[in-house]
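Work through the exercises below with the model open beside you. Try each task before you read its solution.

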Amino acid sequence: MRLNTKRFISAILITSFFIYSIVIYTTGTSVDKGKNYNTAQSRKGKLLFQKKNCIACHQIYGLGGYMGPDLTNVISAPGKGPVYIKAFLQNGTVRMPNFHLTETEKDEIVAFLTYADKTGVSPVKKFEINYDGTVNWKGKDEKGD
Ligand code: HEC
């Protein structure tokens, strides 16, 4: 290969490297799906979630205690949602204590769980690698947002 050709190819590779890096470090990292859900109300809900130590029994983003179910996507899970969550908080269950939260506090918890739902998926998706190196996702459908 002639020296000029080598230099040309190197120049193209180096330029693409810089363009790619700029894209990754600017637009690539500015995606925040939960931006509109990170409200004062949801932040209060998060503090309440910490204060009442819900994490002792529940997981968020897959982390926490394992006595109760993961709550990351409880807002969007089929058959569940705000009313369902409030019903649990209203009375507790045999295994989950009743925290005697006010209506405002319950709304804050719901706002926080909505934020969690928009920013994470749990349990983490499982993938299957095919013989040709492509990947299939064997699981429920990706959420539309
Ligand atoms: C002592 C453990 C414990 C604590 C603390 C606790 N929970 Fe639970 N929670 C459970 C268990 C266990 C269940 C599953 C239902 C059952 O078996 O009674 C549950 C169920 C739930 C559900 C229904 C989940 C689903 O997918 O069906 C929600 C919502 C919930 N808890 C929210 C909370 C919130 C919010 C807090 C904190 C204010 C909290 N829990 C604190 C044990 C706990």
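The exercises cover a metal site, a helix pair, several single residues and two backbone angles.

The model is predicted: local features need pLDDT of at least 70, side-chain atom pairs count only at pLDDT 80 or more, and totals for chains, interfaces and linings use all residues. Residues are numbered from 1 along each chain as its sequence is written, and side-chain values use heavy atoms, with hydrogens and water left out.

**Exercise 1. The iron site**

Find the protein donors of the iron atom of the ligand, and name the geometry of the site.

Solution.
- Step 1. Fix the rule. Donors are N, O and S atoms within 2.8 Å of the metal (3.2 Å for Na, K and Ca); water is not among the atoms, so sites may look incomplete.
- Step 2. Pick out the protein donors. They are NE2 of His58 and SD of Met96, lying 1.9 to 2.1 Å from the iron.
- Step 3. Place them in the chain. His58 sits in the loop between helix H2 (40–51) and strand S1 (59–60), and Met96 in the loop between helix H3 (82–91) and helix H4 (103–119). The two are 38 residues apart, and the pair links distant parts of the chain. Helices (H or I, at least four residues) and strands (E, at least two) are DSSP runs, numbered from the N terminus.
- Step 4. Check the angles. The six donor atoms give angles of 85 to 178°, and the site is octahedral. Six donors count as octahedral if opposite donors are over 155 degrees apart and all others between 65 and 115.
- Step 5. Check burial. Buried means under 20% relative accessible area, exposed over 50%, and partly exposed in between (1.4 Å probe, protein chains only). His58 has 12%, so His58 is buried. Met96 has 18%, so Met96 is buried.

**Exercise 2. Two packed helices**

How are H2 and H4 oriented to each other: roughly parallel or roughly perpendicular?

Solution.
- Step 1. Choose the descriptors. Two packed helices are described by the angle between their axes and the distance between the axes.
- Step 2. Read the values. H2 and H4 pack at an angle of about 100°, with axes 7 Å apart. Axes are lines fitted to C-alpha atoms, for helices over the stretch in contact, and angles run from 0 to 180 degrees between N-to-C directions.
- Step 3. Classify. H2 and H4 are therefore roughly perpendicular. That class covers 65 to 115 degrees; under 35 is roughly parallel, over 145 roughly antiparallel, and the rest oblique.
- Step 4. List the contact residues (contact means heavy atoms within 4.5 Å). From H2 they include Lys44, Leu48 and Phe49; from H4 they include Ile109, Phe112 and Tyr115.
- Step 5. Sort the contact residues. Seven are nonpolar, three polar and five charged. Ala, Val, Leu, Ile, Met, Phe, Trp, Tyr, Cys and Pro count as nonpolar, Asp, Glu, Lys and Arg as charged, and the others, Gly among them, as polar.

**Exercise 3. Buried or exposed?**

Assign Val74, Ile85, Met1 and Lys44 to a burial class.

Solution.
- Step 1. Val74 lies in the loop between strand S2 (63–64) and H3. Its relative accessible area is 8%, so Val74 is buried. Beyond neighbours within four places in sequence, Val74 contacts Lys80, Gly81, Tyr84, Ile85 and Leu113.
- Step 2. Ile85 is in helix H3. At 7%, Ile85 is buried. With the neighbours within four places set aside, Ile85 contacts Val74, Ile75, Val110 and Leu113. The C-alpha atoms of Ile85 and Val110 are 7.3 Å apart, at 25 residues along the chain.
- Step 3. Met1 is in the segment before helix H1 (3–25). At 70%, Met1 is exposed. The C-alpha atoms of Met1 and Phe88 are separated by 72 Å.
- Step 4. Lys44 is in helix H2. At 49%, Lys44 is partly exposed.

**Exercise 4. Positive phi**

What is the phi of Asn53, and what is that of Tyr61?

Solution.
- Step 1. Recall the background. Most residues other than glycine have a negative phi.
- Step 2. Asn53 has a positive phi of about 60°. Asn53 lies in the loop between H2 and S1 and is partly exposed at 43%.
- Step 3. Tyr61 has a positive phi near 55°. Tyr61 lies in the loop between S1 and S2 and is partly exposed at 39%.

Methods: Four donors count as tetrahedral if all angles lie between 85 and 135 degrees; four count as square planar and six as octahedral if opposite donors are over 155 degrees apart and all others between 65 and 115; anything else is irregular.
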